[in-house]
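Biologist: I keep hearing words like "buried" and "polar contact" and would like to see how they are earned. Could you show me a structure and walk me through it?

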Amino acid sequence: MGQIISYLCKWRYPRTYKSNYETIVSQQDNNESKPPEQHCIINISDQNETEKQEAVDQAEKDYHKLDDDDDHGNEQIVVEDAVQVEVVVENNVSTTTNTTISNSNRIPSEISSVKRIGQYNSTQKILLVGDGDFSFSASLALAFGDSALNITATSFDSQEFLMNNYGKFFGNKAHLQARGSKVLHDVNANKMAKHPILINYLYDRVIFNFPHAGRFTHTDSNLQKHQKLIRGFLRNAKKMIEDDGEIHITSKCNGFYLKWDIPKLGSDLGLHLFQEMKFKRGKYPGYNTKYGFGGDKNFDCNPSKTYMFRLL
Ligand SMILES: C[S@@+](CC[C@H](N)C(=O)[O-])C[C@H]1O[C@@H](n2cnc3c(N)ncnc32)[C@H](O)[C@@H]1O
C-alpha cells in the first residue's frame, strides 16, 4: 500500500515528492518477471457500491496510518503538508480503466484510461528520436490506441529517404497520425532542443533506440563519431525532460558497442544512470530494427540493453 501511495504522490506532485519506490520497481524490472506497476490497484471487481466505498475508506485510513509512521520498511514516504492524496480504484486488476477518488470522499467525475507497453504508458509525454521506419513508435501508438496524443516520433532522415527505403514507413506514420501522435522528420539529435516545435515541450521520456552515426567499421575514429552522436543526444535531451523525466538509450551491449561506454558518456554530462535493463524487441509487436543507412533490412538487436538516465 505504501508503494502505491508513494507512486500516486509522485505522479500528482512530481516536483515536490520524493520516494524510493521507483528504485524498488526498477529492481523488479531487472528480473523482467513482471511488468512495472504504475498505480494503485484495489481489486473491486466483485464488489457493490458500498463495498467499493469501504475499500476506498480503508485505503485512505491505511494511508494516514503510514503518514504518521517514520518507518515504512524499504520505503521513505515524504508527504508535503498540503498534499492531497488520491486513491485510484480499479475494477479489475487486468483492466485499464481507473476511477480516481480524492481523500475528501468526493465521487470522481473523471474516468481515465492508462495503457501500457514495455516500459512505457500512455500518460507519459514521450519523444522518440532517430526513428527508422517508425515501427517502434507505431507499436507504442497502437498499444495506446486513442491515447497516443502524448507521442512525438521523429526521424533524422527526410520523409523522402524513409519512403524510398522502408516499405512499412508510410503505414506506420499513418497509424501514428491517426492516433493523434506528432510525426516530424529531419530532426537532429545534436540540436533538437532548439527545434522550433520541440522547443515548446518538456517530456517524461526521451528515447533513442540504437543510435548509430552510420559508419560500420569498428575503428577508433568511428567510435568517436558514435560517441559524439550520443553525447549530443544526451546534452539536448537533458534540456527537454521534466524534472523527474528519463532519457533512455537502447544499444547493443557486446563487442565494439561496449567500447562506446554509454554510462560514462551520461555521467560525464552529469546524468544519473539509474538502471540498465535487458532490451527485448518482442515486447514491442511490429518493431523492426533498421540499419539506418539505406535498405529495408532488419539488424539483429541481440544482445542489447536500455540505459536509463535521470537528472541528478
Ligand atoms: C541503427 S539505426 C536505428 C534506427 C531506429 N532507431 C531503429 O531502432 O530501428 C540508427 C539511426 O540513427 C539515426 N541518426 C543518425 N544520426 C542522427 C542524428 N544526428 N540525429 C538523430 N538521429 C540520427 C539514423 O537516421 C538511423 O535511423
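Modeller: Here we talk through some residues and the ligand, one label at a time. Keep in mind that this is a predicted model.

Biologist: Fine, let's begin with Thr306. Why is Thr306 called buried?

Modeller: Buried means under 20% relative accessible area. Thr306 comes in at 5% relative accessibility, so Thr306 counts as buried. You'll find Thr306 in strand E12, which covers residues 304-311.

Biologist: And Thr250, what makes Thr250 count as buried?

Modeller: That cut-off of under 20% applies here too. Thr250 has 2% relative accessibility, so Thr250 goes down as buried. Its place is in strand E10, residues 241-252.

Biologist: What makes the link between the side chains of Thr250 and Thr306 a polar contact?

Modeller: A polar contact needs a pair of N or O atoms within 3.5 Å, and within protein one must be able to donate a hydrogen and the other to accept it. The side chains of Thr306 and Thr250 make such a contact at 2.7 Å, so the distance falls within the 3.5 Å limit.

Biologist: Now Asn150. Why is Asn150 called partly exposed?

Modeller: Under 20% would be buried and over 50% exposed, with partly exposed in between. Asn150 has a relative accessible area of 26%, so Asn150 is partly exposed. Look for Asn150 in the loop between helix H4 (135-144) and strand E7 (151-154). Asn150 and Lys182 are 32 residues apart along the chain, and their C-alpha atoms are separated by 8.2 Å.

Biologist: On to the ligand. Which residues are the closest to the ligand?

Modeller: The closest are Gly130, Ala189, Asn209, Tyr287 and Lys290, out of 21 residues that surround the ligand. By class, that shell has nine nonpolar, nine polar and three charged residues.

Biologist: How do you know that Tyr287 and the ligand make a polar contact?

Modeller: An N or O atom in the side chain of Tyr287 is 2.5 Å from an oxygen atom of the ligand, and the limit for such a pair is 3.5 Å. For Lys290, a polar backbone atom is 2.8 Å from an oxygen atom of the ligand. With Ala189, a backbone N or O atom lies 2.8 Å from a nitrogen atom of the ligand. Taken alone, the ligand exposes 590 Å², and the protein buries 94% of that.

Biologist: Where does the ligand sit?

Modeller: The ligand sits in the largest pocket. To sit in a pocket, more than half of a molecule's atoms must lie within 2 Å of the pocket's grid points.

Definitions and conventions
Residues are numbered from 1 along each chain as its sequence is written. This is a predicted model: local features need pLDDT of at least 70, side-chain atom pairs count only at pLDDT 80 or more; totals for chains, interfaces and linings use all residues. Side-chain values use heavy atoms; hydrogens and water are left out. A residue is near a molecule or strand if one of its heavy atoms lies within 4 Å of it. Accessible areas come from the Shrake-Rupley method with a 1.4 Å probe; for residues, only the protein chains shown count as cover. On a 1 Å grid over the protein atoms alone, a cavity is a set of points where a 1.4 Å probe fits but cannot get out, and a pocket is an open set with protein on both sides within 12 Å along at least five of seven lines; lining residues have an atom within 4 Å of a point. Ala, Val, Leu, Ile, Met, Phe, Trp, Tyr, Cys and Pro count as nonpolar, Asp, Glu, Lys and Arg as charged, and the others, Gly among them, as polar. Helices (H or I, at least four residues) and strands (E, at least two) are DSSP runs, numbered from the N terminus. Buried means under 20% relative accessible area, exposed over 50%, partly exposed in between (1.4 Å probe, protein chains only).
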